[in-house]
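Work through the exercises below with the sequence and the coordinates at hand. Each task is followed by a solution in steps.

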Amino acid sequence: MIGSVGSVNVSTATTLVPTDQIVAANAAGGAFPITLPPFAQWNARTIRIVKVDGKYNAVTWQTSSSSDVVVGFGTSGTLTAQGQEIEITVAITSTTPGRAVASTSGVNSGSGSSTRQHQTSRLQPSRPRMG
């Protein structure tokens, strides 16, 4: 569904904004990084990054803060094969103020294998804690 609202095509170093939802990453011209928006600005949103070219150049995604961590990957990951993708969702949890859950799904090598994992990341509360 690349080309829909909230989608971007990138082929050089890019910093995403929270409204970017689908990212078509084309590394045919060379490897480059994609920086995710700060998790605190990205509540209840999902970003899907797909490597669309068939070259061996890597697309590296990275978080914008060392406190924003995606389980199983830490603060960065690499897509190296055409069709390889990662989908990351962040949501502030009401039961644990000041934390967010970053989940990933659809991480694959283009062959259909996938993984689902969850991570809690430290964030400032989005609203005052009622006591």
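The exercises concern a predicted model and deal with an aromatic pair, a lysine and a sheet.

**Exercise 1. Classify the aromatic pair formed by Trp61 and Phe73.**

Step 1. A pair of aromatic rings is described by the distance of the centres and the angle of the planes.

Step 2. For Trp61 and Phe73 the centres are 5.6 Å apart, and the cut-off for a pair is 6.5 Å.

Step 3. The planes meet at 70°. Angles over 60 degrees count as edge-to-face, so the pair formed by Trp61 and Phe73 is edge-to-face.

Step 4. The count of aromatic pairs comes to one.

**Exercise 2. Determine which parts of the chain the rings of Trp61 and Phe73 tie together, and state the burial class of Trp61 and of Phe73.**

Step 1. Trp61 belongs to strand 6 (residues 59-62), while Phe73 sits in the loop between strand 6 and strand 7 (76-79).

Step 2. These parts are twelve residues apart in sequence, and the pair ties them together.

Step 3. Trp61 has a relative accessible area of 1%. The limit for buried is under 20%, so Trp61 is buried.

Step 4. Phe73 has a relative accessibility of 28% and is therefore partly exposed.

**Exercise 3. Describe the surroundings of Lys51, starting from its place in a strand.**

Step 1. Strand 5 (residues 45-51) contains Lys51.

Step 2. The relative accessibility of Lys51 is 0%, so Lys51 counts as buried.

Step 3. Look for polar partners of the side chain. The backbone oxygen of Lys55 is reached at 3.0 Å by the side chain of Lys51, and the backbone oxygen of Asn57 at 3.3 Å.

Step 4. List contacts, leaving out residues up to four places away in sequence: Lys51 touches, among others, Ala25, Ala27, Asn57, Val59 and Leu79. The list also includes Thr80, Ala81, Gln82, Gly83 and Gln84.

**Exercise 4. Work out the strand order of the open sheet of four strands, and how strand 7 fits into it.**

Step 1. The order is 2-4-6-7, and the pairing is mixed.

Step 2. Strand 2 (14-15) and strand 7 are the edge strands, each pairing on one side only.

Step 3. Strand 6 and strand 7 run antiparallel and are joined by four bridges.

Step 4. Read off opposite residues: Leu79 in strand 7 faces Val59, and Thr78 in strand 7 faces Thr60.

Step 5. Assign the faces of strand 7. Gly77 and Leu79 make up the covered face, Ser76 and Thr78 the uncovered one.

How values were computed. Residues numbered from 1 in each chain as written. Predicted model: local features only at pLDDT ≥ 70, side-chain atom pairs only at ≥ 80, totals over all residues. Heavy atoms only, no water. Phe/Tyr/Trp six-rings, centres within 6.5 Å; stacked < 30°, edge-to-face > 60°. Helix = DSSP H or I, 4+ residues; strand = E, 2+ residues; numbered from the N terminus. Buried < 20%, exposed > 50% of the residue type's maximum accessible area, 1.4 Å probe, protein only. Polar contact = N/O pair within 3.5 Å; in protein donor to acceptor, adjacent residues only side chain to side chain. Contact = heavy atoms within 4.5 Å. Pairing = 2+ DSSP bridges.
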